[in-house]
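Me: I should like to understand how the descriptive words used for a protein model follow from its values. May we go through them one at a time?

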Amino acid sequence: MLKQKHILILLLCIPLFLWGQSKYSNEFMTLGVGAKGLALANTQVAMSKDVTSGYWNPAGLGFVEKNYQLSFMHAEYFASIAKYDYAAFSARIDKNQAIGLTVLRFGVDGIPNTTQLIDNQGNINYDRISYFTAADWGILLSYGRTFAQVEGLSFGANVKVIRRRIGNFAGAWGFGLDAGLQYRIKKWSLGLVVKDLTSTFNAWSFNLSEEMTEAFIKTGNSLPENGLEYTLPRLLFGFGRDFNLGKGFTFMATMDLDMSFDGKRNELISSKVLNIDPHLGIEFGFKNIIFIRGGLGNMQLEPDFENKKHFTCQVNLGVGVNIKDIVTIDYAFCDVGDVSMALYSNIFSLKIMINKFKKENSTTQNF
């Protein structure tokens, strides 16, 4: 009878596998946001200077040009089983300072709870099936500022709150900090971010019914215990350059290096001490109206059956349209080569930019 409950038991064991580990904790926070950034293979540490900087590098908020910005994105994974949503807002405080709020959700809804499917007499009753949601939430409160003393330098920081839920059975609260710098000199941009600066922790708690407890014991599983899950710091470094090609045409090239220190990973540069995941992005623009983008990421050396290593990478493409510096619509076609296990392809995002209302004899709106 207990075999009917294996799906739910497996889901409930996920926090058990993660508890006490740090390597792949809070991975939903690393997926990226905005079709522009995704089309550029997440190369935004040095180049972001809009509302999405709250996610990529909070220092970029110091360079936000509009007083208020809003951004939205929706994406779906695994044949639309999982939903990924993003919304963000930024506001300038003065000419040197800006704040931002970012909300992320990655969740699977409508998961069947079959623990009550079979009663004690062995009778199957499908009306006893209920449904629950497994969802991860991330909230970032961001601050960025430039410095009058050092032209082109900006500093930023995030305070982030993590909320993870698996129905009414398990949940976790997490807290962490990010800090970043951006420096712009002429047409060059440099960026540095320390993610999970003080190690982000998730405090898990479990609420299992008697039936679930019995199922865990009879199937040989250990009962989950309340505990802490840590996410160790990561260092992200990026650089890029803007080129003016003349006649309204522009070109941008950028590269990011994501560095982790939590043991050997399957990345292009990998060791027990340091892992480096490089990714590249380019963008052609015309009169700040239309943009064509491309990016290379997920670079790996994959062994074949003869243990010979072959270079593989994930190709992303995208376009963007800027309408009078008020609305930007971006599109990304990701995972062109079907390299990533997380299949997602068509992604749209929207950004709205407005300036502060001013009074000049009568109330007017300036963009």
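Reply: Certainly. The model is predicted. We may begin with Arg105, which is placed in strand S3.

Me: Why is Arg105 called buried?

Reply: The relative accessibility of Arg105 is 15%. The word buried applies under 20%, so Arg105 counts as buried.

Me: What makes the link between the side chains of Arg105 and Asp109 a polar contact?

Reply: The side chains of Arg105 and Asp109 come to 2.9 Å. The cut-off for a pair of N or O atoms is 3.5 Å, and the value lies within that cut-off, so the link is called a polar contact.

Me: Strand S3 also holds Phe106. With which residue does Phe106 form an aromatic pair, and why is that pair called tilted?

Reply: The partner of Phe106 is Tyr84. Their ring centres are 6.1 Å apart, and the planes meet at 55°. Centres within 6.5 Å make a pair, and planes neither under 30 degrees nor over 60 apart count as tilted; the pair of Tyr84 and Phe106 is therefore tilted.

Me: What makes this a link between distant parts of the chain?

Reply: Tyr84 belongs to strand S2 (residues 82-92), whereas Phe106 belongs to strand S3 (residues 97-113). The two residues are 22 residues apart. Both Tyr84 and Phe106 are buried.

Me: Why is the pair of Tyr77 and Tyr84 called edge-to-face?

Reply: Here the ring centres are 6.2 Å apart and the planes stand at 75°. An angle over 60 degrees counts as edge-to-face, so the pair of Tyr77 and Tyr84 receives that name. Tyr77 is buried, and so is Tyr84. Together with Phe106, Tyr77 and Tyr84 form one aromatic cluster. In the whole structure, a search finds 13 aromatic pairs.

Me: How do you know that Arg184 sits over a ring?

Reply: Arg184 lies over the face of Phe63, 4.6 Å from the ring centre. The distance cut-off is 6 Å, and the value for Arg184 is within it. Lys195 offers another case: it lies over the face of Tyr55, at 5.1 Å from the ring centre.

Me: Which description fits Lys186, buried or exposed, and how do you know?

Reply: Lys186 has 83% relative accessibility. A residue is exposed over 50%, so Lys186 counts as exposed. Lys186 is placed in the loop between strand S6 (170-185) and strand S7 (188-195).

Me: What is the phi of Lys186?

Reply: Phi of Lys186 is near 55°, a positive value in a residue other than glycine. Most residues other than glycine have a negative phi. Asn307 likewise has a positive phi, near 65°. Asn307 lies in the loop between S14 and strand S15 (309-323). With a relative accessible area of 59%, Asn307 is exposed.

Me: Why is Asn298 called partly exposed?

Reply: Asn298 has 29% relative accessibility. This value falls between the limits of 20% and 50%, so the term is partly exposed. Asn298 is found in strand S14, and a polar contact of 3.2 Å joins its side chain to that of Gln300. Asn298 and Asp277 are 21 residues apart along the chain, and their C-alpha atoms are separated by 7.4 Å.

Me: What makes Thr231 a buried residue?

Reply: The relative accessible area of Thr231 is 7%. The limit for buried is under 20%, so Thr231 is buried. Thr231 is in strand S9 (residues 227-231), and its side chain makes a polar contact of 2.8 Å with the side chain of Ser25.

Me: Finally, how many residues of each class are in the lining of the second largest pocket?

Reply: The space in the second largest pocket is about 940 Å³. The pocket is lined by 37 residues, and the closest to its centre are Lys36, Lys49, Glu283, Asn288 and Phe291. By class, the lining has 10 nonpolar, 14 polar and 13 charged residues. The largest share of the lining, 4 residues, comes from S17.

Terms used:
Residues are numbered from 1 along each chain as its sequence is written. This is a predicted model: local features need pLDDT of at least 70, side-chain atom pairs count only at pLDDT 80 or more; totals for chains, interfaces and linings use all residues. Side-chain values use heavy atoms; hydrogens and water are left out. On a 1 Å grid over the protein atoms alone, a cavity is a set of points where a 1.4 Å probe fits but cannot get out, and a pocket is an open set with protein on both sides within 12 Å along at least five of seven lines; lining residues have an atom within 4 Å of a point. Grid points are joined across faces, edges and corners, and a volume is the space filled by probe spheres set on the points. Ala, Val, Leu, Ile, Met, Phe, Trp, Tyr, Cys and Pro count as nonpolar, Asp, Glu, Lys and Arg as charged, and the others, Gly among them, as polar. Rings of Phe, Tyr and Trp (its six-membered ring) pair if their centres lie within 6.5 Å; planes under 30 degrees apart count as stacked, over 60 as edge-to-face and the rest as tilted. Buried means under 20% relative accessible area, exposed over 50%, partly exposed in between (1.4 Å probe, protein chains only). A charge sits over a ring if NZ of Lys or CZ of Arg is within 6 Å of the ring centre and within 35 degrees of the ring normal. A polar contact is a pair of N or O atoms within 3.5 Å; within protein, one must be able to donate a hydrogen and the other to accept it, and residues adjacent in sequence count only if both atoms are side-chain atoms.
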